[in-house]
Amino acid sequence: LPIYVTATLQTVGSVTIDTRSVVRLPDGSLQFGVAAPGAATATVLGSTNSLTWQVLQSLPVTNGAAVFTDIAATNFASRFYRARLP
């Protein structure tokens, strides 16, 4: 399963996906960390074609960080991810 991870930066604050934290869990889920200093919430979006994006989850940010787990990752031949501030 190819994994593509990008981050979208906003002008007010920023959010990034820690690509070094990407891990495939034993059940096939995909997990990675999101850094959003100063934000209360970050949103992770997913796409199968890098053109049409769908909100996957809004994450509570604690001390500038959050963890996202995509339990549906095994349902796709390829998956792209990006993060944004709400």
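**Notebook: a chain of seven strands**

I began with Asp 18, which I found partly exposed, its relative accessible area being 27%. I note here that the model is predicted, and that every value below is computed from it. Asp 18 pairs with Arg 20 in a salt bridge whose closest N and O atoms lie 3.3 Å apart. I then looked up Arg 20 and found it exposed, with a relative accessible area of 75%.

I asked myself how many salt bridges the structure holds. The count came to two. The other partners I looked up are Asp 70 and Arg 79, which form a salt bridge with closest N and O atoms 3.0 Å apart. Are Asp 70 and Arg 79 buried or exposed? Both Asp 70 and Arg 79 turned out to be buried. As background I wrote down that side chains of opposite charge can pair when their charged atoms come close.

*Entry on the chain as a whole*

I listed the secondary structure and found seven strands and zero helices, which gives the pattern β-β-β-β-β-β-β when the chain is read along its sequence. Of the 86 residues in the chain, 34% are buried. The exposed area of the chain is about 4,900 Å², and 54% of that area is supplied by carbon and sulfur atoms. I also checked how far apart in sequence the touching residues are: taking contacts between residues at least 6 apart, 54% join residues that are at least 24 apart.

*Entry on the three-stranded sheet*

I traced an open sheet of three strands, ordered S2-S3-S6 and paired in antiparallel fashion. The edges are held by strand S2 (16-24) and S6; each of these has a single partner strand, so one side of each is left without a neighbour in the sheet. Ignoring direction, I recorded an average turn of 20° between neighbouring strands of this sheet.

Which residues of S3 stand opposite Val 23 and Ile 17? Val 23 faces Gln 31 in S3, while Ile 17 has Val 34 of S3 opposite it. Between S2 and S3, which run antiparallel, I noted five bridges. S2 and S3 also form a hairpin with five residues between them, and in its turn Gly 28 has a positive phi of about 95°.

*Entry on the S4-S5 hairpin and positive phi values*

Next I followed strand S4 (residues 41-47) and strand S5 (residues 54-60), an antiparallel pair joined by six bridges. In this pairing Thr 43 is placed opposite Ser 58 of S5. The two strands make a hairpin with six residues between them, and Ser 50 sits in the loop that links S4 and S5. Phi of Ser 50 is near 65°, which I marked as a positive value in a residue other than glycine. Ser 50 is partly exposed, at a relative accessible area of 37%.

Where does Asn 63 lie? I found Asn 63 in the loop between S5 and strand S6 (65-70). Asn 63 is likewise a residue other than glycine with a positive phi, here near 55°. With a relative accessibility of 81%, Asn 63 counts as exposed.

*Entry on the nonpolar core*

I then looked up the largest nonpolar core, which has 17 residues, those with the most contacts inside it being Val 15, Phe 32, Val 34, Ala 36, Val 44 and Tyr 81. Two or more residues of this core come from each of strand S3 (30-35), S4, S6 and strand S7 (79-84). Which element gives the largest share of the core? That element is S3, with three residues. I add the general remark that, in soluble globular proteins, nonpolar side chains tend to be buried together.

I closed with the neighbours of Phe 32, leaving out residues up to four places away in sequence: Phe 32 touches Ile 17, Asp 18, Ser 21, Val 22, Val 44, Ala 66, Val 67, Phe 68 and Tyr 81. Two names in that list take me back to earlier entries, since I had already met Asp 18 as the salt-bridge partner of Arg 20 and Ile 17 as the residue opposite Val 34.

Technical notes: Residues numbered from 1 in each chain as written. Predicted model: local features only at pLDDT ≥ 70, side-chain atom pairs only at ≥ 80, totals over all residues. Heavy atoms only, no water. Salt bridge = Lys/Arg side-chain N within 4 Å of Asp/Glu carboxyl O. Buried < 20%, exposed > 50% of the residue type's maximum accessible area, 1.4 Å probe, protein only. Pairing = 2+ DSSP bridges. Helix = DSSP H or I, 4+ residues; strand = E, 2+ residues; numbered from the N terminus. Contact = heavy atoms within 4.5 Å. Areas by Shrake-Rupley, 256 points an atom, 1.4 Å probe, with all protein chains shown as cover. Core = buried A, V, L, I, M, F, W, Y, C linked by side-chain atoms within 4.5 Å. Axes fitted to C-alpha atoms, helices over the stretch in contact; angles between N-to-C directions.
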